[in-house]
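Some labels in a structure deserve a second look. Here is a friendly round of questions on how such labels are earned.

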Amino acid sequence: MIDFKKDNHIHTHFSPDADPAATFEGYIVEAQKKGLDEITFTDHVDFDAKHPLFHEMIDYDAYVIAFEKVKKASPIPIRLGVEIGYQAHMKNEINQFIEQYPFDFVILSIHYLEEKDLYTQEYFLNKTKQEAYNIYFDTVLDAIKNISQFDVFGHLDYITRYSPFGDYNYNDYKAKIDLILKTLIKRNKGIEINTSGYQKEKRPYPKEVIIKRYLELGGNHVTLGSDSHNMGKLGCCFDKIKPLFKF
Ligand SMILES: [Zn+2]
Ligand SMILES: [Zn+2]
């Protein structure tokens with residue numbers, strides 16, 4: 001049900017916020033060193049990105065050609081993925097984009113709310129914690145209903161990463177979170193366990209209680225992703241997840 005030898009969330013130098021030295025080939029060498037048997041490249045696509053770094057989008061025609069060339073020579077299987085950022089007003093562009101390219105794996109993520117980059121914290125101004133987090137979970141539900149072709153929802157509960165309000169209690173948002181998980185299950189979609197959370201908040205995204213709830217509700221599609229933006233982070237912290245799957 002979960003494969004600890006596959007990293008399904010990786011950014012190369014094509015993502016503007018990643019290490020310029022992070023190449024397809026470099027990650028493949030790193031994967032072999034770390035005993036991973038497959039990796040999936042998931043560079044960023046955020047339509048109408050507010051962050052200036054992301055204004056210029058990756059040329060995917062060129063990207064796919066470069067990927068296919070590397071794939072032919074790769075000693076381990078590699079997959080063509082993408083991490084696509086959801087914003088409601090861009091839903092048609094997102095659906096069209098996913099259909100246009102032969103992706104093996106699509107992560108649907110939220111990096112922006114109310115057209116504001118969560119990273120800047122501007123979104124949280126003049127909001128209570130309840131308001132800020134409720135809008136986030138409502139938008140997640142909106143995203144998974146409006147986007148037809150994706151495999152997993154990315155870093156669910158990532159709202160806490162840049163939030164001045166910090167962690168949350170599952171019980172305070174139980175109805176919304178359960179509805180998200182049930183909708184994913186009904187649509188045969190999964191969640192990823194994003195281990196980049198260990199670098200800042202000492203936990204994965206989503207946090208344990210949500211992962212357990214997804215499984216308890218009958219979900220069975222869980223992927224692991226380091227969300228590496230440099231090669232050193234590939235496969236990072238996967239060991240910390242193992243105890244979660246021994247209950
Ligand atoms: Zn992301
Ligand atoms: Zn990512």
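**Two zinc ions and a sheet**

In this predicted model, Glu-83 bridges the zinc ion (ligand 1) and the zinc ion (ligand 2), which lie 3.5 Å apart.

Q: Why can Glu-83 and His-111 be said to tie together parts that are apart in sequence?
A: Glu-83 belongs to strand E3, while His-111 sits in the loop between E4 and strand E5 (112-113), so the pair links parts that are 28 residues apart in sequence.

Q: What makes Glu-83, His-111 and His-155 donors of the zinc ion (ligand 1)?
A: A donor has to be an N, O or S atom within 2.8 Å of the metal. Glu-83 offers OE, and His-111 and His-155 each offer NE2, lying 2.1 to 2.2 Å from the ion, so they meet that cut-off. Along the chain these donors follow the spacing E-x27-H-x43-H.

Q: Which residues coordinate the zinc ion (ligand 2), and how do you know that they count as donors?
A: They are His-9 (NE2), His-11 (NE2), Glu-83 (OE) and Asp-227 (OD), at 2.1 to 2.2 Å. The limit is 2.8 Å, so these atoms qualify. Their spacing along the chain reads H-x1-H-x71-E-x143-D.

Q: Why is the arrangement around the zinc ion (ligand 2) called irregular?
A: The four donor atoms subtend angles of 82 to 173 degrees. A tetrahedral label needs all angles between 85 and 135 degrees, so a range of 82 to 173 degrees rules that label out. The conclusion is an irregular arrangement.

Q: How do you know whether His-9 and His-11 are buried or exposed?
A: Buried means under 20% relative accessible area. His-9 has a value of 0%, and His-11 also has 0%, so both are buried. Glu-83 and His-111 are buried as well.

Q: What makes strand E1 and strand E9 edge strands?
A: The open sheet has seven strands in the order E1-E2-E3-E4-E7-E8-E9, with parallel pairing. Strand E1 (6-10) and strand E9 (222-225) each have a single partner strand, so one side of each is left without a neighbour in the sheet.

Q: How do you know that strand E3 and strand E4 pair?
A: Pairing takes at least two bridges. Five bridges join strand E3 (residues 78-85) to strand E4 (residues 105-109), which run parallel, so the requirement is met. Within this pair, Val-82 stands opposite Val-106 in E4.

Methods
Residues are numbered from 1 along each chain as its sequence is written. Chains are lettered from A and ligands numbered from 1 in the order in which they are written. This is a predicted model: local features need pLDDT of at least 70, side-chain atom pairs count only at pLDDT 80 or more; totals for chains, interfaces and linings use all residues. Side-chain values use heavy atoms; hydrogens and water are left out. Helices (H or I, at least four residues) and strands (E, at least two) are DSSP runs, numbered from the N terminus. Donors are N, O and S atoms within 2.8 Å of the metal (3.2 Å for Na, K and Ca); water is not among the atoms, so sites may look incomplete. Buried means under 20% relative accessible area, exposed over 50%, partly exposed in between (1.4 Å probe, protein chains only). Four donors count as tetrahedral if all angles lie between 85 and 135 degrees; four count as square planar and six as octahedral if opposite donors are over 155 degrees apart and all others between 65 and 115; anything else is irregular.
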